[in-house]
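The following note is offered to a colleague who is meeting this structure for the first time. Its points are numbered so that each may be checked against the structure shown below.

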Amino acid sequence: MATPWFFVESIPHEGVVTLPREEARHATGARRLGEGDAVVLFDGHGTVATASLLGTRDRSGAVEARLDSIETHEAIAPRLEIATALPKGDRLSTLLDMATQAGVDHLIPLRCEWGVVKPRETPPDRWQRIVVEAAKQSRRAWVPTFGAPRTVSEACAAREGLQVLIAHPGGASISEVCGGLGNGDGNGAGNPARNAAGTIRVLIGPEGGFSEAELDAAEASGATRVSLSPHVLRVETAAVVAAAHVRGASAVHASD
């Protein structure tokens, strides 16, 4: 059985680290771990440690673990951001979970003309809990971060090293865009998979799609229109399909 992962906000270079109450409850309750059992601890910022549980527990229910070894994992390049309209209800939880597993680094809520869910200025704490749990399940050293809500125009604003793809029917196949030859340069066309030093941002609209005004604004900013599928996808499915193409192309070109 694989050694279970637990999240702690800070991992020292050596010595003893404290598992917070909820993580300790999961370890000793649901996982039935005890003194001497091995665990993996991660801070969501690339630090991963193997440790052994101690028998000590404080009044809050926190449990201590002795560090055995520590590794630092580099973030996978290129940085992958998904700027997306938000689906309703439990489908948002599914989006956050699957996007984390698929390797998304940063999630930006989109304010779209035809969107049905109005994003909050500050993401709820529940979002963080979902991505942490997904990172634990997928053995991922980095936990996605969240950006402030943006309009399509704001999400497409040019920045050095940024390439923007906007998902909409009629665009080039995302598999061809990600797998083609050439190098991306800034916020224009090129091969995002080879933009290893920069950022790929994929815009996903609501199920009604982007308006013509939003598409025009995106393309005027240099965004590349891409098609994800011959079918109409739910928002959460589209986000994962886009992430899988970008990450898959990155893995192929990294081995070239």
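1. What covers the buried residues of α1? In this predicted model, the cover includes the strands β1 (5-7), β2 (16-19), β4 (47-57) and β5 (63-72), together with the helix α3 (125-138).

2. The residues so covered may now be named. Helix α1 spans residues 21-30, and its buried residues are Glu23, Ala24 and Ala27. Viewed down the axis of α1, these buried residues fall within an arc of 100°, so they line one face of the helix. Just after α1, Arg32 adopts a positive phi of about 55°.

3. The nonpolar core deserves separate attention. The largest such core has 41 residues, and those touching the most other members are Phe42, Ile82, Leu96, Leu107, Val202, Ile204 and Leu228. Helix α7 (residues 235-254) supplies the largest share of this core, namely 8 residues.

4. Val202 may serve as an example from the core. When its neighbours within four places in sequence are left aside, Val202 is in contact with Leu80, Glu81, Ile82, Ala83, Leu165, Ala242 and Val246. One of these contacts, Ile82, is itself listed with Val202 among the core residues that touch the most other members.

5. The aromatic residues form a further topic. There are 3 aromatic pairs in the structure. In one of them, the ring centres of Phe7 and Phe42 are 5.5 Å apart and the planes stand at 70°, so the pair is edge-to-face; the angle required for that description is over 60 degrees. Phe7 belongs to strand β1 and Phe42 to strand β3 (residues 38-42), so this pair ties together parts that are 35 residues apart in sequence.

6. Are Phe7 and Phe42 buried or exposed? Phe7 is buried, with a relative accessible area of 16%, and Phe42 is also buried, its relative accessible area being 0%. Together with Trp5, Phe7 and Phe42 form one aromatic cluster.

7. Another aromatic pair is formed by Trp127 and Phe146; it is edge-to-face, with 5.4 Å from centre to centre and 65° between the planes. Trp127 lies in helix α3 and Phe146 in strand β8 (residues 145-146), so the pair ties together parts that are 19 residues apart in sequence. Both Trp127 and Phe146 are buried.

8. Two elements recur in these points. Strand β1 is part of what covers the buried residues of α1, and Phe7 lies in that strand. Helix α3 is likewise part of the cover, and Trp127 lies in that helix.

Terms used
Residues numbered from 1 in each chain as written. Predicted model: local features only at pLDDT ≥ 70, side-chain atom pairs only at ≥ 80, totals over all residues. Heavy atoms only, no water. Core = buried A, V, L, I, M, F, W, Y, C linked by side-chain atoms within 4.5 Å. Buried < 20%, exposed > 50% of the residue type's maximum accessible area, 1.4 Å probe, protein only. Helix = DSSP H or I, 4+ residues; strand = E, 2+ residues; numbered from the N terminus. Contact = heavy atoms within 4.5 Å. Arc of directions from axis to C-beta. Phe/Tyr/Trp six-rings, centres within 6.5 Å; stacked < 30°, edge-to-face > 60°.
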